[in-house]
Structures are given as C-alpha cells and as structure tokens.
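Q: Please take a close look at one helix of this protein and at what surrounds it. Keep it brisk, and set the part in the context of the whole chain.

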Amino acid sequence: MNIQIFGKSKCFDTKKAERYFKERRVKFQAVDLLRYGMSRGELQSVIRAVGLEELIDWKNPDSALLKYLSPEEAKLEKLFEDPKLIKTPVVRN
C-alpha cells in the first residue's frame with residue numbers, strides 16, 4: 001500500500017489523519033502541501049475523484065476570488081499556484 005497524505009503542517013485534520021494511520025501501523029508518506037505543493041497530474045487526479053468544488057477550502061479568506069473565476073481551468077491554475085486554498089488533508093492511495 002502506498003498512501004500519501006498531502007496536508008499543512010499546522011492543520012489539525014492533517015495531524016488527525018497521520019495519527020489514524022500510525023495507530024493502525026499503516027505506512028504513509030506525508031507531504032507538506034505549502035512547502036512542496038502538488039504536481040498538476042496529482043491535482044487533476046484528485047479533482048477527478050473528488051470534484052473541484054469539494055477540494056477548495058472556502059473558509060480561507062483568499063478563496064473569495066475563486067467564486068468569480070468562471071472556467072474550471074482558471075480555478076485549477078489558481079489552486080496550483082496557491083496550494084493553501086486546498087482543503088486538507090488529501091489522502092491518496
């Protein structure tokens with residue numbers, strides 16, 4: 001099993017996900033989203049699985065701009081440029 005957890009280092013939910021896998025002795029790779037980000041392919045894969053609107057962290061004050069971007073490509077580009085707008089944790093297998 002190759003599990004990746006994309007998250008922010010100070011995010012409570014990310015720490016909770018890491019603790020969940022540690023308690024069950026499941027190996028995972030933790031990736032700091034703010035430091036390393038996601039590749040375009042990984043981001044598109046997650047969007048296909050979850051949906052673009054579900055991936056956006058609407059509680060972030062900077063996400064207000066995303067409501068006014070019409071094409072999904074523009075929203076995707078903004079998420080790629082600014083990974084703090086992604087709701088965390090993102091767990092991939």
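A: A cut-off comes first: a residue is called exposed when its relative accessible area is over 50%, and buried when that area is under 20%. The model is a predicted one.

Take helix H5, residues 72–81. Glu73 and Glu81 are exposed. Both sit on the other side of H5 from its buried residues. Those buried residues are Lys75, Leu76 and Leu79. Looking down the axis of H5, the buried residues fall within an arc of 100 degrees, so they line one face of the helix. The general rule behind such a pattern is simple: an α-helix has 3.6 residues a turn, so residues three or four places apart point the same way.

What covers that face? The cover of the buried residues of H5 includes H3 and H4.

Now turn to H3, which runs over residues 40–50. Leu43, Val46 and Ile47 are its buried residues. Viewed down the H3 axis, they fall within an arc of 100 degrees, so these residues line one face of H3. On the other side of H3, Arg48 and Ala49 are exposed. The buried residues of H3 pack against helix H4 (52–55), helix H5 and strand S3 (90–92). The packing of H3 on H5 thus appears from either helix: H5 is a partner of the buried residues of H3, and H3 is part of the cover on the buried residues of H5. Just after H3 comes Gly51, with a positive phi of about 110 degrees.

Next, follow the chain onward from H5. A loop lies between H5 and S3, and Pro89 is found in it. The peptide bond joining Thr88 and Pro89 is cis, with omega at about 0 degrees. The C-alpha atom of Pro89 is separated by 9.2 Å from that of Phe12, although the two positions lie 77 residues apart in chain numbering. Phe12 belongs to helix H1, residues 12–23. With a relative accessibility of 55%, Phe12 counts as exposed.

One more backbone detail belongs with H1. Arg25 is found in the loop between H1 and strand S2 (28–32). Its phi is near 55 degrees, a positive value in a residue other than glycine. At 77% relative accessibility, Arg25 counts as exposed.

Finally, the whole chain. The protein has 5 helices and 3 strands. Along the sequence they follow the pattern β-α-β-α-α-α-α-β. Contacts between residues 24 or more positions apart make up 67% of the contacts with a separation of 6 or more. Of the 93 residues, 37% count as buried.

The radius of gyration is 13 Å; a compact globule of 93 residues would have one near 12 Å, which agrees. The C-alpha trace spans about 45 × 25 × 20 Å along its principal axes. About 6400 Å² of the protein is exposed, and carbon and sulfur atoms supply 50% of that area. As for charge, there are 19 positive and 14 negative charges, and their mean positions are 8 Å apart.

Back to H5, in brief. Lys75, Leu76 and Leu79 are buried, while Glu73 and Glu81 are exposed on the other side. H3 and H4 are among the elements that cover the buried residues.

Notes: Residues are numbered from 1 along each chain as its sequence is written. This is a predicted model: local features need pLDDT of at least 70, side-chain atom pairs count only at pLDDT 80 or more; totals for chains, interfaces and linings use all residues. Side-chain values use heavy atoms; hydrogens and water are left out. Helices (H or I, at least four residues) and strands (E, at least two) are DSSP runs, numbered from the N terminus. The radius of gyration is taken over C-alpha atoms; the globule rule is 2.2 Å times the number of residues to the power 0.38. Buried means under 20% relative accessible area, exposed over 50%, partly exposed in between (1.4 Å probe, protein chains only). Contact means heavy atoms within 4.5 Å. Accessible areas come from the Shrake-Rupley method with a 1.4 Å probe; for residues, only the protein chains shown count as cover. Lys and Arg count as positive and Asp and Glu as negative; His and the chain ends are not counted. The place of a charge is taken as NZ of Lys, CZ of Arg, CG of Asp or CD of Glu. The arc is that of the directions from the helix axis to the C-beta atoms.
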